[in-house]
Amino acid sequence: MMSSRMNMNWYHRYTGVRNRGINPQGFHVSQIKFYILLVPLAAVMLLPIIFIFSSAFKPPDELFAYPPRFLVVNPTFKNFTDLFSKLSTSGIPVSRYLFNSILITLVTVGASIIVSSAAAYSLSKKRFKLKQALFAINNVALMFVPVAVTIPRFLVIERLNLLDSFWVHILPVLAMPVGLFLLKQFIDGVPDEVLEAAQIDGATDLEIYWRIVLPMIRPALATIAILTFQAAWNNADISTLYINTESLRTLAFYLSTLTKTTATGATAVAGQGIAAAAALIMFLPNLIIFIFLQGQVMSTMSHSGLK
Amino acid sequence: MQIRQTYPTQDGLARAYPAPRRGIVGAIQNWIQKEGSAYGFLSIYALLFIIFIVIPVLAAIGLSFTFFDAIQPPRFIGLTNYIALITQDDTFMKYVLANTIQFAVIVGPGGYALAFMLAWMLAQLPRLPRTIFALILYSPSMTAGVAMTVVWKALFSGDQTGYLNSFLMGLGTIREPIQWLQSPQYLMPIMIIVTLWSSMGIGFLAMLAGILEISPELYEAAAMDGMSSRWQEIFYITIPSMKPQMLFGAVMALVGTFQAGAIGVTLSGSNPTPQYAGQLIVNHIEDYGFLRYEMGYAAAVSVVLLLMVLFFSRVATRLFGN
C-alpha cells in the first residue's frame, strides 16, 4: 500500500489522503484554503515588525516625510550612532542602560533555570507529604496577575531594603509559576527507572539532578530561558517603580521615556529616530533567541497540559 | 510514606532506606533523611514565591480592610473600601467595570478562539510553513509593551503624518486627521486590536503542540464511523483530546488579558485615559494607589481584580477540566 502510494503521480500525491489532516508530510490541495487565510493575516501581523526594522534605519527626512512612507528608501545607521552618542536627560550614556539590561537578563535567565528546575525536580520526582498541595498552589498561582499587587509588592521590597538595588531587577522575576509548571510537567516524562538506577549506583541527589535530570530536560530549560528572557529584557516597570538611581535602570526603561517625550513638540524630531533604533535593539534579541530555540519550545509545549 | 517498589538486594538499598531512628531527635533525623532533600531543592523557589507572590497577595487582602495613605500606619476600617467601591465610586461603576468587561470579553475569549483556530489551521500544514507562520504569529507577543509603543504611536499618530490618517486621507475616507489615541470612541477599539495582535503567546504554542500530539488513529476511526464534517471533528475529537492544553491556553489568555490592562494608559499617554474611555481595572488601581495614595482603597480594587481572574479560571476549569 505504501509503495504504491509512493509511485503515484503528482496529482495523486497532492490530492490523496496522505498529506491531508493533522501534521502532514507535504503539500496537499486541501491546504490551499489555509494558506489563503493565513498569508494575508500573517502579513498584517508582520507589518508592525517590518515597521520597527524599517524606521530604525530611516534618515530624519524619511521619518518625518509627508505623506509618510512605510519602507525605508535610503537606509542609514545614523539613528544607532545617535542613540549611543546620546546622554539621557540625567546624564547617563545609553550604553550604560544597555549594559544593565544585558547583565540583568543574563543573571536572571541563569538563576531562573537553576531555581525553577531544582524546585520542579523536587515536585516531580521526590516523595513527600506536601507535594500535591504545593503543586496545586503553584497551579493557582498561574492565574496570578502581578500588576494587581504592585503596591503590596512595593511595600515588601521596601521592607527588605531591596529598593534601588541591582537584585530587585532579578529576584521578583525568578518566582515564575508558569516556568515551574512547564518544567515539572517535562520532568514527569523522565522515567523513574533512570533515576533509580543512578541511585543504586551510588549517585547523590545533587548528582542525579545535575548530571541526569538537567541534561534530559534541555528543551524545557530552553523554554524557561526564553520566558525569563522576555520577562527580564522587556521589563521597564521595575526600573520605574523600584529604582531611583538612574545608572541602575534598564534599556527598556530608557525606551519608555523616549516614547513619552515624543508626544510633545521639539524633542520629538530627535527622539523618534533613536526611539526606533532602541525599539529594534529591544526586539531583535527576542526574535533571534526564539528562532534558534523554537523546536525545543514546541517539544516542551506538548507537555503543557493543565489538568 | 510508603515504599513504592522493592529492589533486589543491593548495596544501595541500605542507604536509600535507612533503619528508622527513635525518639524526637530521631524522628526529625528520619524526616530530614526522607523529605529533607525534597524541601532543599524547593527552598529557593519557595522562598521567592512566598516573598513576591504569597505575601503581596495576603498584604493586598489585609490592606483592603484599612485606610492607608503610605504615611501613617494602616487603620482598620472593615468593609468600608468595598462598600465605597460598589456604592460611591461612580468612575468605577460607570467606566472602569464596563470597560474591563468589554475589553476582557472580546480580548479573552476572542483572542483564545482566534489562537485555537490559527493553531488548528497551522497543524494542518507541513512542518516548514507551519514553523514560519507560528514564528510570525508568535513574534508580536514576545516583545509586547515597550518596543511596540513606538510602532503604535507612529501608526495612530494624531496629525497628518500618522500612517493611518495619511492612508485614510489618501483614500478620501476622512478629510481632517483624527486624534486616534485621544478620542474616547477610538481608544478602546485600538486597545482591543493591539492586544489581540499580541495575544498569540505561549498558550497558542501550547494548543498548537496539543493538536499535533493527537493520535491520527482517532481521526481515522471517526472517519470510519462516518464522521465527515471538520466541525464535528473539532468538537468531538480535537478539543476533547487536548483538554489539558485547552485549559492551559485558557488560563494564559485570561492572565494575559488582565495583565494587558495598562495598554490604554501607554497608548494615550495619560492616566486617567481621555474621558475614562480606556480606563481598565488595572489603571484604576494605579490611579488610586500611586497618584492619590489611597493604598487601602487600591488594595480593595486589586482584590476584586484577583477574584475576577479566579472566577473566570473556574469557568475555564469547568469547561476543560476533568
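# Briefing on a predicted two-chain model

In chain A of this predicted model, confidence is lowest in helix α1 (residues 2-6), where the mean pLDDT is 47, and highest in helix α6 (residues 94-125), where the mean is 95. Chain A is built from 16 helices and 0 strands, while chain B has 15 helices and 2 strands. Between them, chain A and chain B bury about 9100 Å². The points below take up confidence, the two chains, their interface, and then a few places in chain B.

**Confidence in chain A**

- Averaged over chain A, the pLDDT is 86, and 90% of the residues score at least 70.
- Over residues 1-7 of chain A the pLDDT stays under 50, and for this stretch the model has 3 contacts beyond four places in sequence.
- Residues 261-268 of chain A also stay under a pLDDT of 50, and here the model has 5 contacts beyond four places in sequence.

**Chain A as a whole**

- Of the 307 residues in chain A, 52% count as buried.
- Among the contacts in chain A with a separation of 6 or more, 66% are made by residues 24 or more positions apart.
- The area that chain A exposes is about 14000 Å², of which carbon and sulfur atoms supply 66%.

**Chain B as a whole**

- Chain B holds 15 helices and 2 strands, and its radius of gyration is 26 Å, well over the 20 Å that the globule rule gives for 322 residues, so chain B is more spread out than a compact globule.
- Measured out along its principal axes, the C-alpha trace of chain B spans about 90 × 70 × 35 Å.- Buried residues make up 52% of the 322 residues in chain B, and residues 24 or more positions apart account for 63% of its contacts with a separation of 6 or more.
- Chain B exposes about 15600 Å², and carbon and sulfur atoms supply 65% of that area.

**The interface between the chains**

- On the chain B side 99 residues take part, and they are in contact with 109 residues of chain A.
- Of the roughly stated total, about 9100 Å² buried between chain B and chain A, 76% lies on carbon and sulfur atoms.
- Within chain B, the residues that lose the most area to chain A are B:F41, B:Y45 and B:F52, which together account for 9% of what that side buries.

**Helix α11 of chain B**

- Helix α11 of chain B covers residues 230-241, and its buried residues are B:E233, B:I234, B:I237, B:T238 and B:I239.
- These buried residues pack against five helices of chain B, namely α4 (90-123), α9 (202-213), α10 (216-224), α12 (243-259) and α15 (295-320).
- At the start of α11 in chain B, a side-chain oxygen of B:S229 comes to within 3.1 Å of the backbone nitrogen of B:W231.
- One of the residues in this helix is B:E233, which has a relative accessible area of 16% and therefore counts as buried.
- Setting aside residues up to four places away in sequence, B:E233 touches B:Y219, B:M227 and B:T238.

**B:V303 in helix α15 of chain B**

- B:V303 lies in helix α15 of chain B, and with a relative accessible area of 10% B:V303 is buried.
- Leaving aside neighbours within four places in sequence, B:V303 is in contact with B:A60, B:I61, B:S64 and B:Y82.
- B:V303 and B:G158 are 145 residues apart along the chain, and their C-alpha atoms are separated by 36 Å.

**Two loop residues of chain B with positive phi**

- Most residues other than glycine have a negative phi, which gives a background for the two residues that follow.
- B:Q275, which is not a glycine, has a positive phi of about 50°; this residue lies in the loop between α13 (263-268) and α14 (281-291) of chain B.
- With a relative accessible area of 62%, B:Q275 is exposed.
- B:Y293 is likewise not a glycine and has a positive phi of about 55°, and B:Y293 is found in the loop between α14 and α15 of chain B.
- At 42% relative accessibility, B:Y293 counts as partly exposed.

Key: Residues are numbered from 1 along each chain as its sequence is written. Chains are lettered from A and ligands numbered from 1 in the order in which they are written. This is a predicted model: local features need pLDDT of at least 70, side-chain atom pairs count only at pLDDT 80 or more; totals for chains, interfaces and linings use all residues. Side-chain values use heavy atoms; hydrogens and water are left out. pLDDT is the predictor's confidence in each residue, from 0 to 100. Helices (H or I, at least four residues) and strands (E, at least two) are DSSP runs, numbered from the N terminus. Contact means heavy atoms within 4.5 Å. Buried means under 20% relative accessible area, exposed over 50%, partly exposed in between (1.4 Å probe, protein chains only). A polar contact is a pair of N or O atoms within 3.5 Å; within protein, one must be able to donate a hydrogen and the other to accept it, and residues adjacent in sequence count only if both atoms are side-chain atoms. The radius of gyration is taken over C-alpha atoms; the globule rule is 2.2 Å times the number of residues to the power 0.38. Accessible areas come from the Shrake-Rupley method with a 1.4 Å probe; for residues, only the protein chains shown count as cover. Buried area is the accessible area (1.4 Å probe) that two parts lose on being put together, summed over both.
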